[in-house]
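Student: I'd like a close look at one part of this model: the lining of its largest cavity. Please then carry on to whatever surrounds it.

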Amino acid sequence: MQKRTIIVSGLAATYPLGGVAWDYIQYLHGFYRLGHDVYYLEDTGGWAYDPFNVTFVDDLTYHVDYLRNFLKRLDPGLEKRFCIIDPDGRHWGLSAEDLAGVVKRADVFINISTTCQLREEYAKIPVKVLIDSDPLYTQEHFPVYLDGTVGQDDRWRIDEMLRHDVFFSFGENVGQDFCTVPKGVVDWIPTRQPIVLDSWAVSPAKPSRDVFTTVLSWQPAQEGPRVAGVQYGGKNMEFEKMLDLPRKTSAVLELALGGGRPPRELLAAKGWHLVDGFAMSKTPWVYRDYIWDSLAEFSTAKNAYVATQSGWFSCRTACYLASGRPAVVQDTGFSHFMDVGEGVLAFSDEEGALAGIEAVRADWDRHSRAARAFAARYFNSDDVLTRLLDEALR
């Protein structure tokens with residue numbers, strides 16, 4: 001394997017929440033473990049989210065310390081491999097001169113979720129990779145772009161996307177006849193979240209609580225995508241179909257609720273156990289402990305993923321699985337290419353959700369072993385990132 005210089009972008013400091021940190025940093029960590037010369041960059045051009053005051057700020061002191069501490073504990077040496085550029089152009093971590101040196105020798109630039117502005121110096125990197133982590137949200141305006149009726153702002157966004165060279169999507173069914181995510185503009189290569197298995201494998205053999213959990217934001221702040229006159233939505237649209245679930249099982253179902261104006265009183269009245277989402281996501285380690293303390297995950301997916309049968313699979317769920325925690329999760333079409341039924345119990349309606357919950361409770365040990373095996377088969381960072389790099393450099 002040839003050693004490459006790789007820059008990975010994300011939002012781990014901009015949004016200092018446990019799940020977000022794991023989503024992006026496992027790319028950095030995974031490439032680093034493979035022996036590549038890899039660096040993490042955040043250059044969004046925007047302010048950073050302050051989860052304590054639920055606002056945005058331009059002082060990144062907390063955010064940079066949060067990221068640096070995570071990287072140092074995760075794998076000493078990683079804390080020297082990041083650069084955050086604030087709205088005023090100040091560099092945190094790597095200096096401007098050091099970053100320029102990395103950019104000049106970089107082979108691959110990986111823009112996850114289109115989070116990084118593509119400055120001219122980044123555009124000169126030989127291979128620029130775009131990873132779509134939000135299928136349908138990314139392709140919403142493709143049809144009007146193709147027919148020439150797209151608005152100016154959306155045309156600019158798509159044109160910026162097209163400055164990349166290779167395109168990957170978590171929507172592994174995108175392009176298939178049964179998937180209704182708009183086609184055209186670019187050809188998407190399937191990919192998925194890399195999980196550094198060793199970071200999760202040290203979980204306790206048995207969880208401390210007999211509870212099904214998940215961490216979620218109820219409803220996105222922005223309106224969901226509209227395509228061909230159809231309005232799609234967030235996770236709340238699918239969760240509303242499951243509101244009565246706690247009344248139909250003796251299992252404890254817990255939601256660590258973040259933003260999105262969740263109907264807390266209604267959820268509590270229906271029997272859902274509620275905890276504060278930020279408290280469970282304050283650091284990456286608190287977030288990991290919350291997963292480890294859980295018997296299993298129960299969750300729906302965003303309506304946009306489900307209705308289009310995109311094949312999207314949750315990064316969070318992959319972390320549950322790598323920890324040996326089974327997952328009862330809504331099928332977005334991933335059952336077309338993943339072997340579900342043990343470890344991952346996919347459902348499409350309330351009856352299927354109940355059956356999955358009871359199956360896990362009846363034989364947790366078997367489903368726990370299967371969960372770890374599922375994560376190793378489909379999400380092992382060594383395999384996912386090696387394949388991604390091979391495809392990008394082909």
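**The lining and its surroundings**

Tutor: The lining of the largest cavity divides into 5 nonpolar, 6 polar and 1 charged residues. In that count, Ala, Val, Leu, Ile, Met, Phe, Trp, Tyr, Cys and Pro are nonpolar, Asp, Glu, Lys and Arg are charged, and the others, Gly among them, are polar. This is a predicted model, in which local features need pLDDT of at least 70 and side-chain atom pairs count only at pLDDT 80 or more, while totals for chains, interfaces and linings use all residues. Residues are numbered from 1 along each chain as its sequence is written, and side-chain values use heavy atoms, with hydrogens and water left out.

The lining consists of Ser299, Thr300, Ala301, Trp312, Phe313, Ser314, Arg316, Thr317, Val329, Gln330, Thr332 and Phe334. Two elements, α11 (315–322) and β17 (327–330), each give two or more residues to it. Such elements are DSSP runs numbered from the N terminus: helices are H or I of at least four residues, strands E of at least two.

A cavity here is a set of points on a 1 Å grid over the protein atoms alone where a 1.4 Å probe fits but cannot get out, and lining residues have an atom within 4 Å of a point. The largest cavity holds about 80 Å³ of space, a volume being the space filled by probe spheres set on the points, which are joined across faces, edges and corners. There are 3 cavities of 30 Å³ or more in the structure. The second largest has about 70 Å³, and Thr14, Gly46, Leu60, Ile84 and Ile85 lie nearest its centre among its 13 lining residues.

Back to β17, which supplies part of the wall. In a regular strand the side chains alternate between the two faces of the sheet. Accordingly, Ala327 and Val329 point one way from β17, Val328 and Gln330 the other way, and all are buried, meaning under 20% relative accessible area with a 1.4 Å probe and protein chains only. Strand β17 pairs in the parallel sense with β16 (residues 296–299) over 3 bridges, and with β18 (residues 344–347), also parallel, over 4 bridges; pairing requires at least two DSSP bridges. Opposite Val328 stands Phe298, while Val329 stands opposite Ala346 in β18.

Phe298 leads us on to the rings. With Trp218, Phe239, Trp272 and Phe347, Phe298 forms one aromatic cluster. The structure holds 24 aromatic pairs, that is, rings of Phe, Tyr and Trp (its six-membered ring) with centres within 6.5 Å; planes under 30 degrees apart are stacked, over 60 edge-to-face, and the rest tilted. One of them is the edge-to-face pair of Phe167 and Trp188, 5.9 Å centre to centre with 85 degrees between the planes. Phe167 lies in strand β9 (residues 166–169) and Trp188 in the loop between β9 and β10 (189–190), so this contact ties together parts that are 21 residues apart in sequence. Phe167 is buried at 8% relative accessibility, and Trp188 is buried at 12%. Phe374 and Phe379 are tilted instead, because their planes stand at 35 degrees, with centres 6.5 Å apart. Phe374 counts as buried at 4% and Phe379 at 0%.

Notes. On a 1 Å grid over the protein atoms alone, a cavity is a set of points where a 1.4 Å probe fits but cannot get out, and a pocket is an open set with protein on both sides within 12 Å along at least five of seven lines; lining residues have an atom within 4 Å of a point. Buried means under 20% relative accessible area, exposed over 50%, partly exposed in between (1.4 Å probe, protein chains only).
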